[in-house]
Amino acid sequence: MAKAGMRRPDPKDPHGTESNKKQRFPKNDAPPVPELHGKVKSGKKAAKP
């Protein structure tokens with residue numbers, strides 16, 4: 001429900017993500033970073049570089 005002094009938006013108007021605008025940004029060409037394996041992944045100490 002709208003607060004006092006605020007206009008009520010028309011429910012027929014598009015709102016939020018219901019528009020037809022496409023996001024135009026370049027594809028990420030960087031390869032994924034390798035994931036840590038084994039004991040290093042589950043430990044609390046920082047990984048060695």
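**View 1. The side chain of N28 reaches the backbone nitrogen of A30 at 3.2 Å.** In this predicted model, N28 has its place in the segment that comes before the helix α1. The residue counts as exposed, because its relative accessibility of 62% lies in the range defined as exposed, over 50%. The close-up thus brings together a residue that is exposed and a contact from its side chain to the backbone of A30.

**View 2. A polar atom of the side chain of H37 lies 3.4 Å from the backbone oxygen of E35.** H37 is found in the segment before α1, the helix that covers residues 39-42. With a relative accessible area of 70%, H37 is exposed, since exposed is taken to mean over 50%. Here the partner of the side chain is a backbone oxygen, that of E35.

**View 3. The protein chain as the setting for both close-ups has one helix and zero strands.** The chain holds 49 residues, of which buried residues make up 0%, where buried stands for a relative accessible area under 20%. The surface that the protein chain exposes comes to about 6,100 Å², and carbon and sulfur atoms supply 56% of that area. Against this setting, N28 and H37 can each be located in the segment before α1.

How values were computed:
Residues numbered from 1 in each chain as written. Predicted model: local features only at pLDDT ≥ 70, side-chain atom pairs only at ≥ 80, totals over all residues. Heavy atoms only, no water. Helix = DSSP H or I, 4+ residues; strand = E, 2+ residues; numbered from the N terminus. Buried < 20%, exposed > 50% of the residue type's maximum accessible area, 1.4 Å probe, protein only. Areas by Shrake-Rupley, 256 points an atom, 1.4 Å probe, with all protein chains shown as cover. Polar contact = N/O pair within 3.5 Å; in protein donor to acceptor, adjacent residues only side chain to side chain.
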